[in-house]
Amino acid sequence: MEPVSLTISCDDGYVLGGHLWEPGSSEEGGLGAVVVVAGATGVKATYYHRYAAFLAENGFTSITFDYRGIGQSRESSLENLQASWYDWALKDLDAVLEWAQINCAEKHLHVVGHSFGGFSVGLARNGRRINRLLTVGAQHAYWRDYRPGHRLGLWWRWHILMPALAFGNGYFPGKRLGWLEDLPKGVAMDWARSPRDFTTGGAGHAREVIRAHQASFTAPTLAVAATDDPFATETAVLRGLSYYPNSSAILVQLKPQDFGRAEIGHFSLFHSSFRDTFWMGTIRWLRDGVNPWALK
């Protein structure tokens, strides 16, 4: 199943690249829904293409996209790109949600968000239009919430080295280090300085806008994380969910042994080896609003 390339314009004129998968005429499992896949920080949208194609095979229209500065939404140089986590949510994700609403107007709007992509959904103005949300390892990288035993190493890498390299280069050279994709300086600094209260990172009127958007987010949320995820601990996920008091949320922690694995971590649930297990479970939530891991 081949996707269609998309270009989506944001309110400030920045153009994002993405892809659209449409289900076949006989594939009605999605019951008329479109699913936007919002990826993790520093991860190209292509990482989620196999999952997006799987959603289409099960009757959903699915959309992937790259945030500004990443993958198909990257300009030639990141050194002069003014972009932050707040821009990714309030401009980029918001534009994609609006595009989905306009071009798939007859369909319910669902989102699958990974890591910061899952947390950021409620920051967007159009988050209030979402009917159902599935988050995977979603949090905003407050370092004290990292898993004990990993905390010092993660703090050193992402909260000391990353901002120092971002300042020195004008962007974070993650690809050269083999850590992740390159990041705009502003995004790297938002991650490195992520506070206990995420809303305090927005100054003045922006803070009021963020809080208003969070309050307007009402979609039922299923928040999933692996028990060995060093970023998305129970504390971190619950902290993220607390920003959305008007969303009824369910937290599920998945154990690697439940899937016959030694480990899952922060990324593996989007590997195609989970197609017949975790991926099938996500269909039940997106299609029926049923938590398939209720007994975990």
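This section describes the nonpolar cores, the salt bridges and two buried loop residues of a predicted model.

Residues are numbered from 1 along each chain as its sequence is written, and side-chain values use heavy atoms, with hydrogens and water left out. Because the model is predicted, local features need pLDDT of at least 70 and side-chain atom pairs count only at pLDDT 80 or more, whereas totals for chains, interfaces and linings use all residues.

The largest nonpolar core has 58 residues. A nonpolar core is a set of buried Ala, Val, Leu, Ile, Met, Phe, Trp, Tyr and Cys residues joined through side-chain atoms within 4.5 Å. Buried means under 20% relative accessible area, exposed over 50%, and partly exposed in between (1.4 Å probe, protein chains only). V36, I63, L183 and W191 have the most contacts inside this core. Its largest share, 10 residues, comes from helix α2 (residues 85-103). Helices (H or I, at least four residues) and strands (E, at least two) are DSSP runs, numbered from the N terminus. A second, separate core has 29 residues, including V37, F54, F278 and I283.

The surroundings of I63 were listed without its neighbours within four places in sequence. Contact means heavy atoms within 4.5 Å. On that basis I63 touches L6, H19, L20, V34, V35, V36, V37, V96, W99 and A100.

The structure holds 11 salt bridges. A salt bridge is a side-chain nitrogen of Lys or Arg within 4 Å of a carboxyl oxygen of Asp or Glu. One of them joins D12 to R68, with the closest N and O atoms 2.8 Å apart. This pair links distant parts of the chain. D12 is in the loop between β1 (4-9) and β2 (15-21), R68 is in the loop between β4 (61-65) and α2, and the two are 56 residues apart. R68 is buried, at 2% relative accessible area. D12 is partly exposed, at 41%.

D12 also forms a salt bridge with K91, the closest N and O atoms being 3.6 Å apart. K91 lies in helix α2 and D12 in the loop between β1 and β2, so the pair ties together parts that are 79 residues apart in sequence. K91 is partly exposed, with a relative accessible area of 32%. D12, R68 and K91 belong to a salt-bridge network that also includes D87 and D92.

Helix α2 supplies E98 to another salt bridge, which links distant parts of the chain. Its partner is R125, at 3.8 Å from N to O. R125 is in the loop between α3 (116-120) and β6 (132-136), 27 residues from E98. R125 is partly exposed at 30% relative accessibility. E98 is partly exposed, with a relative accessible area of 30%.

E181 is buried yet has no salt bridge. Lys and Arg count as positive and Asp and Glu as negative, while His and the chain ends are not counted. The nearest side chain of opposite charge, K44, is 4.2 Å away from E181. E181 sits in the loop between α5 (174-177) and β8 (183-184). Leaving aside neighbours within four places in sequence, E181 is in contact with G42, K44, I70, G174 and K175.

S194 occupies the loop between α6 (185-192) and α7 (205-216). S194 is buried, at 5% relative accessibility. Beyond its neighbours within four places in sequence, S194 contacts W85, H140, A141 and Y142. S194 and F65 are 129 residues apart in sequence and 24 Å apart in space, C-alpha to C-alpha.
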